[in-house]
Amino acid sequence: MGFMAGTLRTSGTNTSGGAGFMALPEARLTGQPGGVMVTRGPCSANAAIAVHTAHQDQTSLLLMIGLVAVADRSRESFQEFDPHAWFGSAAKKDVDS
């Protein structure tokens, strides 16, 4: 299903906030979770607005953030932040891998 079946549709945007707000109506109209992929730091902050909106509207939204390597975490790497602290209150599930 989805990614493995090759049926995943993608769209590119100029802004990460725009990506989040493109995924929300897609999720509402299809009944399937919307997905957003962003880089760390400022892009994650821009997408946080869509995560908060999805939480308030009870819309399924999957946000994937490209983080620094696990070995480099907690070392003040470039644009490093704690996604649990940023998204923990607005997300139903906060997973780090």
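I took partly exposed to mean a relative accessible area between the 20% under which a residue is buried and the 50% over which a residue is exposed. By that scale I entered Arg28 as partly exposed, since its relative accessible area is 43%. The model I consulted is a predicted one.

**Entry 1: overall layout**

I counted three helices and two strands in the protein. Read along the sequence, these elements follow the pattern α-β-α-β-α. I noted that 23% of the 97 residues count as buried. The accessible surface comes to about 6,900 Å², of which carbon and sulfur atoms supply 55%. I then looked up the contacts between residues at least 6 apart in sequence and found that 62% of them join residues at least 24 apart.

**Entry 2: helix H1**

I examined helix H1, which runs over residues 16-30 and so has 15 residues. From first C-alpha to last, H1 reaches 21 Å, close to the 21 Å expected at 1.5 Å a residue. Which residues of H1 are buried? I listed Ser16, Gly17, Ala19, Gly20, Ala23, Leu24 and Ala27. Seen down the axis of H1, these buried residues fall within an arc of 150 degrees, so they line one face of the helix. I set beside this the general point that an α-helix has 3.6 residues a turn, so residues three or four places apart point the same way.

I next asked what covers the buried residues of H1. The cover includes strand E1 (34-39), helix H2 (42-57) and strand E2 (61-66). After H1 comes Gly31, and I recorded its phi as positive, near 80 degrees.

**Entry 3: the salt bridge**

How many salt bridges does the protein have? I found one salt bridge, applying the cut-off of 4 Å between a side-chain nitrogen of Lys or Arg and a carboxyl oxygen of Asp or Glu. Its partners are the side chains of Asp57 and Arg28, at 2.4 Å from N to O. Asp57 belongs to helix H2 and Arg28 to helix H1, so the pair ties together parts that are 29 residues apart in sequence. Are the partners buried or exposed? Asp57 is partly exposed at 41% relative accessible area, and Arg28 is partly exposed at 43%. As a general matter, side chains of opposite charge can pair when their charged atoms come close.

**Entry 4: two loop residues**

I located Thr59 in the loop between H2 and E2. Thr59 counts as buried, because its relative accessibility of 13% is under the 20% limit. Leaving aside residues up to four places away in sequence, I found Thr59 touching Leu24, Ala27, Arg28 and Ala54. Of these contacts, Leu24 and Ala27 are among the buried residues of H1, and Arg28 is a partner in the salt bridge with Asp57.

I placed Gly41 in the loop between E1 and H2. Gly41 is buried, with a relative accessible area of 9%. I also checked Gly41 against Leu67: the two are 26 residues apart in sequence, and their C-alpha atoms are 8.8 Å apart in space.

**Entry 5: a surface patch**

Which residues form the nonpolar patch on the surface? I identified Met37, Leu62 and Met64, with about 330 Å² of accessible area together. Met37 lies in strand E1. I entered Met37 as exposed, since its relative accessible area of 68% is over the 50% limit.

How values were computed
Residues are numbered from 1 along each chain as its sequence is written. This is a predicted model: local features need pLDDT of at least 70, side-chain atom pairs count only at pLDDT 80 or more; totals for chains, interfaces and linings use all residues. Side-chain values use heavy atoms; hydrogens and water are left out. Helices (H or I, at least four residues) and strands (E, at least two) are DSSP runs, numbered from the N terminus. The expected span of a helix is 1.5 Å times one less than its number of residues. Buried means under 20% relative accessible area, exposed over 50%, partly exposed in between (1.4 Å probe, protein chains only). The arc is that of the directions from the helix axis to the C-beta atoms. Contact means heavy atoms within 4.5 Å. Patches are made of residues with over 30% relative accessible area and no salt bridge: like charges are joined within 9 Å, nonpolar side chains (Val, Leu, Ile, Met, Phe, Trp, Tyr) within 5 Å. Accessible areas come from the Shrake-Rupley method with a 1.4 Å probe; for residues, only the protein chains shown count as cover.
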